[in-house]
Each structure stands twice: as C-alpha cells, then as structure tokens.
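Let's take a walk through a protein model together. Have the picture ready, and turn it around as you read.

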Amino acid sequence: MYDKLKKPAFPPPSWTFPVAWTSLYTIMGLLTLITLTAFEFCKIDRTSGLAMIPYIAWVTLLFR
C-alpha cells in the first residue's frame, strides 16, 4: 500500500516505519513500567497496561 502512494522526492524506505513504530511503543511501555514501579501506583498499573493493548493490536494489524 505504501509503495502505491504519491511520495515526495526523498521518501524514507518502507522498512523504516515498522522499526520506528515498534521502537516507539516499546519505549512507551518501558517508561510506563518504570514510572509506575517507581511511584508504586498499583491501581494505575492495570489501567495503563490495559490501555496499551489496543495500541499493540493496532500496530500489529497495521504492519502485517
């Protein structure tokens, strides 16, 4: 799908998108874990973990 889009003169290679999004979501998850562990927010930990599920599912479906 990306290959068929009209792109500017210098588009990034298509392989960079899954790498970038996977890195971003991994960093978000790690920072959430570090923050919640440091401040011991047990109730927020479940909510934050559940909030990441749709994001992970979206990225998985997007880059299939």
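Start on the outside: Ile27, Leu30, Leu31 and Ile34 make a nonpolar surface patch of about 400 Å². One of these residues, leucine 31, sits in helix α1, which covers residues 16-39. Keep in mind as you look that this is a predicted model.

Now zoom out to the whole chain. What does its secondary structure come to? You'll count two helices and zero strands. The protein chain has 64 residues, and buried ones make up 8% of them. As for the surface, the chain exposes about 5,800 Å², with carbon and sulfur atoms supplying 73% of that area.

Next, let's look at tyrosine 25, which you'll find in helix α1. Is tyrosine 25 buried or exposed? Its relative accessible area is 16%, and buried means under 20%, so tyrosine 25 counts as buried. Who are its contacts, once we leave aside the neighbours within four places in sequence? They are Met52, Tyr55 and Val59. Distance tells a similar story for isoleucine 56: tyrosine 25 and isoleucine 56 are 31 residues apart in sequence, yet their C-alpha atoms are 7.6 Å apart in space.

Follow one of those contacts, tyrosine 55, across to helix α2. Tyrosine 55 and tyrosine 25 are 30 residues apart in sequence and 8.0 Å apart in space, going from C-alpha to C-alpha. Tyrosine 55 has a relative accessibility of 40%; the partly exposed class lies between 20% and 50%, so that's where tyrosine 55 belongs.

Finally, head for phenylalanine 63, in the segment after α2, the helix that spans 42-62. Which residues does phenylalanine 63 touch, not counting those up to four places away in sequence? Look for Phe17, Pro18 and Trp21. Take the last of that trio: phenylalanine 63 and tryptophan 21 are 42 residues apart in sequence, while the space between their C-alpha atoms is 9.5 Å. Even with these contacts, phenylalanine 63 keeps a relative accessible area of 30%, and because that value falls between the 20% and 50% cut-offs, phenylalanine 63 is partly exposed.

Conventions. Residues numbered from 1 in each chain as written. Predicted model: local features only at pLDDT ≥ 70, side-chain atom pairs only at ≥ 80, totals over all residues. Heavy atoms only, no water. Helix = DSSP H or I, 4+ residues; strand = E, 2+ residues; numbered from the N terminus. Buried < 20%, exposed > 50% of the residue type's maximum accessible area, 1.4 Å probe, protein only. Areas by Shrake-Rupley, 256 points an atom, 1.4 Å probe, with all protein chains shown as cover. Patch = residues over 30% accessible without salt bridge, like charges linked within 9 Å, V, L, I, M, F, W, Y side chains within 5 Å. Salt bridge = Lys/Arg side-chain N within 4 Å of Asp/Glu carboxyl O. Contact = heavy atoms within 4.5 Å.
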